[in-house]
Amino acid sequence: MPPPSATAARLDSVSLPLPEKKSAARTAPARADHPFKGIALILASTVFLGTSDVTAKYLSATLPSIEIAWIRFLTFALIMSPAMLPGSPVYALQTERPGLQVMRGIALLGSSLFFISGLRFLPIAEASATGFVSPLFVTALSIVFLGESVGVRRWLATAIGLIGVLIILRPGTSAFHPAAFFPIISALAWAATLIMTRMMSGRELAITTMTYSSIVGVGILSVLVPFVWVAPSWHDILFGIFIGIASTAGQWIVVLAFRYADASVLAPFSYTQLLWVSILGFLIFGEIPDIWTVIGAAFIVASGLYTAHRERVRRLQISVQAEPSPNA
């Protein structure tokens, strides 16, 4: 699925739990400026997330997308189960925004489901590169839902990213496949996930958000999966569990990475996920990205990097404006 780096940037301001009494206030661990540690963590996360995507594509040859997603979210929910138990030191179902948590869980499920559906028909590198347009959708959605102002330069970056998508998909040619819309819809759903994460930032624990996402995902998929059920082999089950573990671990590692470095520092390294999926796609499926996928991915990566840079500049400007004058 699309990379969670933007999510982690927002979840970073949401505190992670520490074992303590329920009555005690939970506070976020202090941030530390260790960019090399953050970079190492983000690189490790791309390995987990990339292998999760490649494994999902491998399973899509034998299992329906809904069933793959169900195994993934079931594993996700089992991992988060300690946070669902009253009396547990990491109990995290208390929330001020239950409706928003559920909506975010639905958006996250949609992102995962559409991306896995696209993998059945598309080369892994093409689907992954297209999925990286989520920051562009975030730019547009932030205007509507967060009231943010977006300057001309960020809109130009967005346009460049969309040109990259068109280069990869080449609509109107014989190379175009209708399934190419799946990773785009997945990226849009992921962008909605990021926007709702940002809306809850500072008010909800990261573990609370992840726990609700796991509950919503497994709940909805448990209703849908009987209609498409294919008896999985033990081989399929083991690979499905691996997808759940790898994707969950990858997201947690990204959250940790943003405790040590800013998004503008880490963003360039998150794109190494494209390298891993391309290598694994070649080794496992014999897929070689064509020149159009490489050129389009370059446009998307350049757009994403510039957007991250403008976000850093915007945050610096806000912090300078908020700082009181020494002559006041």
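Me: Angles under 35 degrees count as roughly parallel, over 145 as roughly antiparallel, 65 to 115 as roughly perpendicular, and the rest as oblique. With that in hand, how are H6 and H7 set to each other?

Reply: Happy to walk through it, and please keep in mind that this is a predicted model. Helix H6 (residues 134-146) packs against helix H7 (residues 152-169) at an angle of about 140 degrees, and their axes are 9 Å apart. An angle of about 140 degrees falls in none of the named ranges, so H6 and H7 are oblique to each other. As for the hand of the crossing, H6 passes H7 in a left-handed one.

Me: Let me try another pair. At what angle do H4 and H8 pack, and what does that make H4 relative to H8?

Reply: The angle between helix H4 (residues 98-119) and helix H8 (residues 181-200) is about 160 degrees, with the axes 8 Å apart. The cut-off for roughly antiparallel is over 145, so H4 is roughly antiparallel to H8. Here, too, the crossing is left-handed as H4 passes H8.

Me: Let me step back to the whole fold. How many helices and strands does the protein chain have?

Reply: There are 13 helices and 0 strands. Read from the N terminus on, the order of elements is α-α-α-α-α-α-α-α-α-α-α-α-α.

Me: What share of the 328 residues is buried?

Reply: The general idea is a threshold: under 20% relative accessible area is buried, over 50% is exposed, and partly exposed lies in between. By that rule, buried residues make up 49% of the 328 residues in the chain.

Me: How many of the residues of helix H5 are buried?

Reply: In helix H5 (residues 124-131), 8 of the 8 residues are buried, so the helix is largely enclosed by the rest of the structure. Those residues are Ile124, Ala125, Glu126, Ala127, Ser128, Ala129, Thr130 and Gly131.

Me: That sends me to the surface. Which residues make the nonpolar surface patch?

Reply: The patch covers about 950 Å² and is made by Val47, Tyr58, Phe239, Leu275, Trp276, Ile279, Phe282, Leu283, Ile284 and Ile288. Two elements give two or more residues to it, helix H2 (35-59) and helix H12 (272-285). The largest share, 6 residues, comes from H12. A general point helps when you look along such a helix: an α-helix has 3.6 residues a turn, so residues three or four places apart point the same way.

Me: Where is isoleucine 279 found, and is it buried, exposed or partly exposed?

Reply: Isoleucine 279 is found in helix H12. Its relative accessible area is 38%, so it is partly exposed.

Me: Now charges. How many salt bridges does a search of the whole structure find?

Reply: The search finds 2 salt bridges. The criterion is a side-chain nitrogen of Lys or Arg within 4 Å of a carboxyl oxygen of Asp or Glu. In one, the side chains of lysine 57 and glutamate 287 meet at 3.5 Å, N to O. This pair links distant parts of the chain, with lysine 57 in helix H2 and glutamate 287 in the loop between H12 and helix H13 (291-322), 230 residues apart. Lysine 57 is buried, with a relative accessible area of 10%.

Me: And how do the side chains of glutamate 96 and arginine 203 meet?

Reply: They meet in a salt bridge of 2.9 Å, N to O. The partners are 107 residues apart: glutamate 96 sits in the loop between helix H3 (65-80) and H4, and arginine 203 in the loop between H8 and helix H9 (206-224). Glutamate 96 counts as exposed, at 53% relative accessibility, while arginine 203, at 46%, counts as partly exposed.

Me: One last habit to learn, on pairs separated in sequence. How far apart in space are glycine 250 and leucine 41?

Reply: Compare the sequence gap with the C-alpha distance. Glycine 250 and leucine 41 are 209 residues apart in sequence and 9.3 Å apart in space, C-alpha to C-alpha. Glycine 250 belongs to helix H10 (residues 234-257), and it is buried at 0% relative accessible area.

Me: What separates the C-alpha atoms of methionine 210 and alanine 83?

Reply: That separation is 9.6 Å, for residues 127 apart along the chain. Methionine 210 lies in helix H9 and counts as buried, at 4% relative accessibility. You can try leucine 78 of helix H3 as well: it is exposed, at 56% relative accessible area, and its C-alpha atom is separated by 9.9 Å from that of isoleucine 245, 167 residues apart along the chain.

Technical notes. Residues numbered from 1 in each chain as written. Predicted model: local features only at pLDDT ≥ 70, side-chain atom pairs only at ≥ 80, totals over all residues. Heavy atoms only, no water. Patch = residues over 30% accessible without salt bridge, like charges linked within 9 Å, V, L, I, M, F, W, Y side chains within 5 Å. Areas by Shrake-Rupley, 256 points an atom, 1.4 Å probe, with all protein chains shown as cover. Helix = DSSP H or I, 4+ residues; strand = E, 2+ residues; numbered from the N terminus. Buried < 20%, exposed > 50% of the residue type's maximum accessible area, 1.4 Å probe, protein only. Axes fitted to C-alpha atoms, helices over the stretch in contact; angles between N-to-C directions. Left-handed = near helix turned anticlockwise from the far one by under 90°.
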